[in-house]
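Please open the model in a viewer and keep the sequence panel at hand. The tour below proceeds by selection, one stop after another.

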Amino acid sequence: MAVETGRDDFIIAIRSAFLKKGTRQKFSLFTLLIISILVLSLEYFKTGPVDKFRSFTKDFIYKGSFFISVPFVFIKDQYYSFQDHMSMYEKYNELKDKDLKLKSLENENNFYKSENQRLKKLLDEKMLSSEDYLLSKVLLDNKGPYLKSVIVNKGFNHGVRLGLAVKVESYFVGKIVGVNLLTSRILLASDLNSKIPVIVEPGSVNAILTGNGNNEFAELEYLPKNNNVNDGDIVYTSGVDGIIASAIPVGKVFIKEDKKFVKFFVDFSQLKYVKINN
Amino acid sequence: MEGTSNKLFRNIVHSFPLILLFFLVFTGFDLSFFLYEANYFFNFIYLVIFYWVLKKPDTLGYGLIFFAGIINDVVQNFPIGISSINYLFLCAIAAFIRTRTLLPSLLYDWILFFIAILIVSSINFSISTMIFDIPISYGTLMSSSIITFLVYPIFAKIFSVIYLFSLEQGNVE
């Protein structure tokens, strides 16, 4: 190790690092840093042509990213399919042992649904839930330590709006946080920044479900001091924010070290198609 | 026919860092592992940029690194431009170290890499929290920086093998 000393050398080295172009470099670092700062400052324009251009660029990059990820998604799918195949016999036995009584449960469910709608009408409550949904394909799933979100192939042009709830089957997955012309970004309930107003049943206890970056569970926060939330209670969206529809099942409560967590019903690692509630 | 395939192979080897960088930003791929129920990850892109700008600056053009940053921001949903600034600062530090170093050694690069990622992470944290109000977990950022620092020698060794191989291929040409 040998490092040259001297103040002049130090300044020359800094100047060389920022201003000197390499043999095949077209721009100096200084020029590119200035351009980066200018691009970053464009983030303040949330409407108009800048926003349209940004939306178009995002769509373009998402599509590119989707095509590049195809082989890796295929490998991942094969892996999960193999896992499913291996556990098939076990699952079959599990289902055989259960007495499901599906038909009677379905009838009961339909009865409660219609009763609920009738009562809500009587109360003149705004109906947020709707049977209309937009089936969307997951293009990209980014699940880093900071980010738990997916990109879907429906955007502003298809009627997607910010804040809409997203489901898989009938279970809550997340909400729309970014809309481009042809694509949208869904913030999963497991993301660090996700905060969903929920209700815990039975007992109708209101709380906020806060994502902690874990794919399997999230934490229940802002519970009343003397609450009677127990292991196995079911958590639904409460709809108090006026955007996300109410009564979408999210997960099941479990208690660990006096903290209350919710185990999601949905496996976030295997999202293929999602329903965007219109 | 053989000549064409050899040439293609040489080009792939020569462009390996560039292919790797764009693969990482386009797919949002991260190398993470679970230890004691916690998810740890390291920033592979920082490793790639620092190593190749330090050792073979002609392979990764600054302009392409800038574009890689833009793509990374779109894919990761960061404010567009923030990753470009981080990567370019990392390039500047690597270029500075290259200019000041007479006899390179892995240990020296390793320690300076730690200082570099601390500076870059501080810039990232400051811009994200102070300008854009993006809540970043400070603990996660620090742990990822430390893990990135710890794994540097392993990847530096792998990259140096590829670097020597690309030099050999260049000499064959």
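Begin in chain B with helix α3(B), and select B:Ile45, B:Tyr46, B:Leu47, B:Val48, B:Ile49, B:Phe50, B:Tyr51, B:Trp52, B:Val53 and B:Leu54, which are buried. This is a predicted model, and the stops that follow should be read accordingly.

**Helix α3 of chain B and its partner**

Extend the selection to residues 44-55 of chain B to see the whole of helix α3(B), which has twelve residues. From its first C-alpha to its last, α3(B) reaches 17 Å, close to the 16 Å expected at 1.5 Å a residue. The helix is mostly covered, with ten of its twelve residues buried.

Next, add helix α5 of chain B, residues 82-100. The axes of α3(B) and α5(B) come within 8 Å and cross at roughly 35°; the crossing is right-handed. To view the contact itself, show the side chains of B:Tyr46, B:Ile49, B:Phe50, B:Val53 and B:Leu54 on α3(B), which meet B:Tyr87, B:Leu90, B:Cys91, B:Ala94, B:Ala95, B:Ile97 and B:Arg98 on α5(B). By class, the residues of this contact divide into eleven nonpolar, no polar and one charged.

**A loop residue in chain B**

Move to B:Asn77, located in the loop between α4 and α5 of chain B. B:Asn77 is not a glycine, yet it has a positive phi of about 65°. Is B:Asn77 buried or partly exposed? B:Asn77 counts as partly exposed because it has 19 C-beta neighbours inside 10 Å, whereas a buried residue needs 20 or more.

**Where the chains meet**

Now display both chains. Their contact takes 41 residues from chain B and 44 residues from chain A. On the side of chain B that touches chain A, α2 (16-27), β2 (38-42), α4 (62-76), α5 and α7 (138-172) each supply at least two residues. Which of these elements provides the largest share? It is α5(B), with ten residues. Coloured by class, this side of chain B shows 22 nonpolar, 16 polar and three charged residues.

**The barrel of chain A**

Turn to chain A and select its six strands in the order β6-β7-β8-β11-β10-β9, which close into a barrel with antiparallel pairing. Neighbouring strands of this sheet are turned by 45° against each other on average, direction ignored.

Follow the pairings individually:

- β6(A), residues 195-201, and β9(A), residues 234-237, pair in the antiparallel sense over four bridges; the bridge partner of A:Val200 is A:Val235 in β9(A).
- β7(A), residues 205-210, and β8(A), residues 217-221, pair in the antiparallel sense over three bridges; A:Leu209 stands opposite A:Leu220 in β8(A).
- β8(A) and β11(A), residues 259-264, run antiparallel and are joined by three bridges; A:Phe217 stands opposite A:Lys263 in β11(A).

Centre the view on the hairpin that β7(A) and β8(A) form, with six residues between them. In its turn, A:Gly213 has a positive phi of about 90°.

Then select A:Tyr222, in the loop between β8 and β9 of chain A. Although A:Tyr222 is not a glycine, its phi is positive, at about 55°. A:Tyr222 is exposed because 11 other C-beta atoms lie within 10 Å.

**Last stop: A:Lys63**

Finish at A:Lys63 in helix α3 of chain A, residues 48-86. With 16 other C-beta atoms within 10 Å, A:Lys63 is partly exposed. Add A:Lys120, which is 57 residues apart from A:Lys63 along the chain; the C-alpha atoms of the two are separated by 42 Å.

Note on methods
Residues numbered from 1 in each chain as written. Chains lettered and ligands numbered in written order. Predicted model: local features only at pLDDT ≥ 70, side-chain atom pairs only at ≥ 80, totals over all residues. Pairing = 2+ DSSP bridges. Axes fitted to C-alpha atoms, helices over the stretch in contact; angles between N-to-C directions. Expected span 1.5 Å × (residues − 1). Left-handed = near helix turned anticlockwise from the far one by under 90°. Contact = placed C-beta atoms within 7 Å. Nonpolar A, V, L, I, M, F, W, Y, C, P; charged D, E, K, R; others polar.
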